[in-house]
Amino acid sequence: MVPAADFRSYYGRPVVKPPVWKRDIPAYLFTGGLAAGSALLAAGAQFTGRPALRRTGRVSALGALAASTYFLINDLGRPERFHHMLRVAKPTSPMSTGTWILAGFGATAGPAALAEVAPLLPERGPLGLLRRALPPLGATAGIGAAALAPALATYTAVLLSDTATPSWRAAYPHLPVVFAGSALASGAGAGLIGTPVAQAGPARRMAVCGAALELYGAHQVESQGLLGEPYRQGRAGRLLRAGRALTAAGLAGAVLGRHSRVASALSGASLLAASVLTRFGIFEGGVASAKDPKYTVVPQRERLARRQAAADGS
Amino acid sequence: MAEAHPVGFQWVMEAKSRGATVIHVDPRYTRTSAVADMYVPVRAGADIAFLGGVINYILSNEKDFREYVLAYTNASTVLSEDFQDTEDLDGLFSGYDPEHGAYDQSSWMYAGREHEGRQAEQSGQERETAAGLRAESHGPPIGHDTEKDPTLAHPRCVYQVLKRHYARYTPEVVERLCGVPTSDFLRVCEAWTANSGRERTSALVYSVGWTQHSVGVQYIRAGAIIQLLLGNMGRPGGGVMALRGHASIQGSTDIPTLFNLLPGYLQMPHHRQHPTFDKWVDALRHPGQKGFWSDARAYAISLLKAYWGEAATADNDFGYGWLPRLTGDHGTYRQVLDMIDGKIKGYFLLGQNPAVGSAHGRAQRLGMANLDWLVVRDLFMTESATFWKDGPEIATGEIVTEQCGTEVFFLPAASHVEKEGTFTQTQRLLQWREKAVDPPGDCRSELWFMYHLGRRIRDRLASSTAPRDQAILRLTWDYRLHGERGDEPSAEDVLREINGYEVDTGTPLSSYTQMKADGSTAGGCWIYTGVYADGVNQAARRKPGGEQSWVAPEWGWAWPSNRRALYNRASADPDGKPWSERKKYVWWDPEAGSWTGHDVPDFEKGKDPSYRPDADATGVDAIAGDDPFIMQGDGKGWLYVPSGLIDGPLPTHYEPVESTVRNPLYTQQANPTRKVYDRSDNQLNPSPPQQHAEVFPYVFCTSRLTEHHTAGGMSRTLAYLSELQPHMFVEVSPALAAERGLEHLGWAHVVTARAAIEARVMITSRLRPLRIDDRIVHQIWLPYHWGGQGLVTGDSVNDLIGIALDPNVLIQESKVGTCDIRPGRRPTGVELLAYVEAYRKRAGMSGDRYASMLTKDEHDG
Amino acid sequence: MTDDLLDGLSDPARAAGWADAPPRVGFFTDTSVCIGCKACEVACKEWNAVPDDGFDLLGTSYDNTGGLSANSWRHVAFVEQPALPPVDPVSAPVDALAAAAEATPDFRWLMMSDVCKHCTHAGCLDVCPTGALFRTEFSTVVVQEDICNGCGYCIPACPYGVIDQRAGDGRAWKCTMCYDRLGDGLSPACATACPTESIQFGELSRLREKAERRVATLREQGVSRAHLYGADPDDGVGGDGAFFLLLDDPEVYGLPPDPVVGTRDLPAMWKRAGLAALAMAAAAVVSFAGGRR
Ligand SMILES: Nc1nc2c(c(=O)[nH]1)N[C@H]1C(S)=C(S)[C@@H](COP(=O)(O)OP(=O)(O)OC[C@H]3O[C@@H](n4cnc5c(=O)[nH]c(N)nc54)[C@H](O)[C@@H]3O)O[C@H]1N2
Ligand SMILES: Nc1nc2c(c(=O)[nH]1)N[C@H]1C(S)=C(S)[C@@H](COP(=O)(O)OP(=O)(O)OC[C@H]3O[C@@H](n4cnc5c(=O)[nH]c(N)nc54)[C@H](O)[C@@H]3O)O[C@H]1N2
Ligand code: SF4
Ligand code: SF4
Ligand code: SF4
Ligand code: SF4
Ligand code: SF4
Ligand SMILES: [Mo]
């Protein structure tokens, strides 16, 4: 029977278009966060004289940034036109803003990581000159990267929220918290893996802070009534639950395994994995909310009813 | 109308926005219903009962436009004493002759004219050549002494006969027969009558939902009766309009592609009835008769002069001997059956796809598979060009490619935008069409093909002295050639010839009244004379509406004589004054002593309304000043048709040939004069009172989708249209779906005695079961656009349909039939044949069982 | 900031920098006269050489297009609404059947030709990072196909689910309001093809007046649910350049009941992101402030 289109929807078809983004985008979210967290870790290590931690941070910041950029470009329908992003700077477009943040971050995280090769260079000759020039340059660049890192970690939350995707849009107060926490935790996770326990203390503390923010933020996102539902159900729900478990495990490992390099590395790995799962979970939750017209129509209807009630009341 | 004529439908919407009430009467809820003020579901094939009900409403409530009816119709004419109605004879009119399955029409005549009536044998013959209606436009001979009763009280006057005939079509009977609730029905009656009269007119627009029935002509007749009673004929905003199908269907009856007509509705000579030129011409003009057909000799001779030019002389009857003759039924269905029987060897298909579009698809394909040669000219490779390698009969083994002897020539055709010419639309308006682009590749116009085919044949025959070849060798075949290749005949030249000219000077004629019976004029179609007046292509005129009067006489050209509304004398009262200021159209100007108005008056310009002919006047002179229907023998609009129709002077309800319902009105079940071909490959499903009718318990109805065109050649080949309706489907009501276990979007198959076809199921409340005579009638609906070629393919509906025709015009009953519907796909290959055979067996159709024309009350068969 | 971002309420073209822009144009689609002929869908594809959208029988009444997409810039929705309450014609007694026919409003078949709304505040345009989407001098919203890099951001950003990525092509496509035709002084192809003037093209302010009158007429005729959708400049997108007369709730036709452009909340979003960023920086400081271990 030609289904009777009920009062709420047109044959159950989505009202808004689900994002066409592929898995590259959650991967890009994750790697961007990792780069940001790592850059912060590196900068702290730079200030507090922890060369191993600094090296880990700078290298993983650059590596993650490169991956992030790759994912971003790979997701484009016309990757060869990536540079069209640089035609304009548009304050209304979080992706435009983000592209410039990304570019700035690249311009700083790159030299900072490069500076880490200084000890490998010969002491004399023109390269010797470079060997001496790099560390101060790296220090300056590292500070620059750290300054941009919080923006790099959180603009992606705005990018998702500034859409008509119901569960992303509604979660705009909380997504930045999740993303900031996830960035810290993943950066810390990388630090725990790449640094001897002796220098890993701040990474451990950063892991605790990050995990706490991530768990708190995710909890907020999931508890927003009807629009939290897509994050609690289906694939998104599974991903986020697994993410939460791994975050908790990583947190415990970071605190309890502080004397063991292996335990530290394991907890670092689980924090990284948790961050990946969280990003995919948030992504999937949004997609699911766009696919079901309920999440578009019902909240909008309620909003209209509230407005009507307010108008009637006044 | 919204479905099949969406562009024309804009005017309905325009009228609606100006306050018109739109009522849609249709077996299913369509896009038209969606925007109508009122939708009335009706049982397919029951419209005569519905319209009869409206007539009854008008007459019993005296809602007719009495002055108009009295003056302009034959309401007051008194009928023969011998006439007996279907109401007296249980479904038959007087004179039925079972031997010929046709009527002796003597008793149908006006009193005193009985001797003019056709004999049963003659009217049986007329059925074979679809000749009945042709005579209607000429009209039967009318005497001056024909009795009339202006008080309309005479029990045998047309008005009283009409009243008695339709008295039984009460709202209750309409409800019982059509499934239309009384309240709905009365609303329709009220709206129609309220919008007719002096101040208002209603137009009746019909199309093939009304024509494709075994009583199709009588459907239209019933509509015409209503329009005459309400005074809606010959007046602005009134009329009975046939919405045409293909772009120039009107043109192809004016300059016919029909077997029984010559251009301008001159009948094709019959070898027995018209042995001589004079016999033929007299059959056209009826010597001594009133009306404009009296000049038919001039039209006929001008036509023959156009065909044969100098070779047509008075001495050789202007070449009459070269005209082909009819010997009987040469209709498209007879021909197909003759192909099956091996009687026809070669066939041209020019822009037609009968493998999908014509009833009994299997017969169409088997016929074509039994030819020596077949020429298909089309824009696309259609099913009619490929049946020999991929038609459904390949799967069943009935056609074996290697053994199929038909040599098929496919010749690509130029489309309408790739050639010049005219289209004639429903208002008889000719509009010239320029060529927009050259046809691609080998595609050529019809004109090119016919011209060069003729040229080559003439070259081949050049040395022949055989008399039969002279018909071809003597033809004028001299059109100018132009175009990029220099070999395209000039379509304007053809139009000039159609228009006609003085033989000596070549001067184009400006009116058919200039045609002469002495061979000094030539003209290819008398009604089109004037389209090339003054040597100007009048059909190419495109003056914008805003720059001329609202009748827009300078847009294109309408036949006859650029007249936009026919019989428009009727828009003025008998004295020649407009019936009302609001509906003023054509009127008599006493000062000027002539007819004038917004349109070209359809009347002799200087004939005073008070003019009365002498008793012995004939032809045009015999038309009185208040006889608006100038082609009719008595100058009147006919409520009752004494001659011309095969199946009766008044429309009366018969069931479709295949029906699930016993005729509630009479013992006679179906049209007793219908055209049938009783042969084992064309058995029809049993209907009550025959036994086993329950094997095919449902009614099916076929028609169009906006998204596709006819047999699909022009739409299933185009992605932008195919995607909009990508699959053959069948619409059923929720109740029927439940009854038969059909699932939305699942497969189902539909079975008749001819075939089983499959389709996806569309369950929709747009189809409603109807309560008919205390039982439920389920109707299913199928679009007929699918076939095996193109981007989207599917089974063809016409495979389901048998051949049963209207007796007057030989149109097939493809709007209604009976069937069974089952869930799931149909069997394939030989199993399909066995499956259908099993149904036939259960329906008792294994032997040679056919319903008799005359229904006996006992179970027959 | 919101006001800055959502500039040009009355005159988006001028706000976009067109100094002497012509008056804003748009569509008024009056669904009460739509006959579902889909001429608009076909005319659009013909004119704009849009590819076909596949041959799928959807079973959603006569709609086999499904919705607006990169390959369908006009979409005609079909909604079958059976008369209420349903009476089973098979089992019900005859008089109940008749009574039901009398008492209930007729079965309705709603048809509506949907299109890009050319929003005053267009989410798609706002978020486009390449500037491929731009505001034309006619105040319409158009993708430049030579600029779009297929980032896909505009797609979830549209509150109406209009713009879409074309598979195999990668770029985003939607109605251009026939920018090329407007430039030549022609009406859009769909409006030109529409036989019943369901699609009316013209100066937006005039269309809005006309539409108000049409609603009033329909209401007088007892079509109580007739209302305009997208005509209000105070709505969440600042009013649509293509607005509609609907006979039922918007969501019945697949339209959002109360769309709001994302940009409206953008300042608030950045504020929350800023707070989170600060928290992140603080967390970093705290992590290193805790001593040497
Ligand atoms: N889109 C499109 N347009 C077309 C065509 C096309 O194929 N596609 N074909 C063209 C051609 S060739 C023609 S002839 C015209 C035909 O134009 P129409 O006659 O309008 O077309 P149909 O859809 O065949 O039939 C019209 C309606 O008749 C109804 N009907 C069937 N039986 C009965 C009956 O007994 N009584 C009543 N009252 N209604 C009945 C059907 O349900 C259908 O809705 O359209 C032309 N226009
Ligand atoms: N069951 C059922 N059957 C029906 C009907 C129905 O309602 N129900 N309707 C009937 C009606 S009204 C009609 S008109 C018929 C139509 O039946 P057909 O006429 O057999 O079908 P069409 O598909 O219209 O075939 C016309 C062909 O002409 C080709 N063509 C177009 N232009 C040109 C040209 O300029 N030159 C040449 N040479 N070819 C050209 C097209 O490509 C197309 O293949 O179907 C009839 N059959
Ligand atoms: S196809 Fe031609 S004739 Fe048919 S509705 Fe369209 S414009 Fe009219
Ligand atoms: S409807 Fe969507 S695609 Fe169209 S202008 Fe508005 S936001 Fe952009
Ligand atoms: S997909 Fe193209 S049009 Fe859409 S936002 Fe990205 S660059 Fe702009
Ligand atoms: S305005 Fe042009 S591009 Fe937009 S839907 Fe209409 S025809 Fe297509
Ligand atoms: S062209 Fe007009 S009437 Fe036809 S479907 Fe489109 S909007 Fe409706
Ligand atoms: Mo037709």
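This passage describes an annotated cysteine site in chain C and the surroundings of a threonine in chain B, both taken from a predicted model.

According to the UniProt record, an unreviewed entry, the annotation "binding site" covers Cys34(C), Cys37(C), Cys40(C) and Cys194(C). Although these residues span 161 residues in sequence, no two of their C-alpha atoms are more than 10.6 Å apart, so they gather at one spot. Within this group, Cys37(C) is placed in the loop that runs between β1 (25-30) and α3 (39-48) of chain C, whereas Cys194(C) is found in the loop between α8 (189-193) and β8 (199-203) of that chain. Cys37(C) has a relative accessible area of 14% and is therefore buried, the limit being under 20%; Cys194(C), at 13% relative accessibility, likewise counts as buried. When neighbours within four places in sequence are left aside, Cys37(C) is in contact with Pro195(C) and also with two residues of chain B, Pro6(B) and Thr706(B).

In chain B, Thr521(B) belongs to strand β17, which comprises residues 521-522, and with a relative accessible area of 2% this threonine is buried. The side chain of Thr521(B) forms a polar contact with the side chain of Ser302(B) at 2.9 Å, and a polar atom of the Thr521(B) side chain also lies 3.0 Å from the backbone nitrogen of Lys516(B). Both of these partners recur among the residues in contact with Thr521(B) once neighbours within four places in sequence are left aside, a list that further holds Lys305(B), Tyr501(B), Val503(B), Leu509(B), Gln514(B) and Met515(B).

Methods: Residues are numbered from 1 along each chain as its sequence is written. Chains are lettered from A and ligands numbered from 1 in the order in which they are written. This is a predicted model: local features need pLDDT of at least 70, side-chain atom pairs count only at pLDDT 80 or more; totals for chains, interfaces and linings use all residues. Side-chain values use heavy atoms; hydrogens and water are left out. UniProt positions are given in the numbering used here, feature names are shortened, and annotations may be inferred rather than shown by experiment. Helices (H or I, at least four residues) and strands (E, at least two) are DSSP runs, numbered from the N terminus. Buried means under 20% relative accessible area, exposed over 50%, partly exposed in between (1.4 Å probe, protein chains only). Contact means heavy atoms within 4.5 Å. A polar contact is a pair of N or O atoms within 3.5 Å; within protein, one must be able to donate a hydrogen and the other to accept it, and residues adjacent in sequence count only if both atoms are side-chain atoms.
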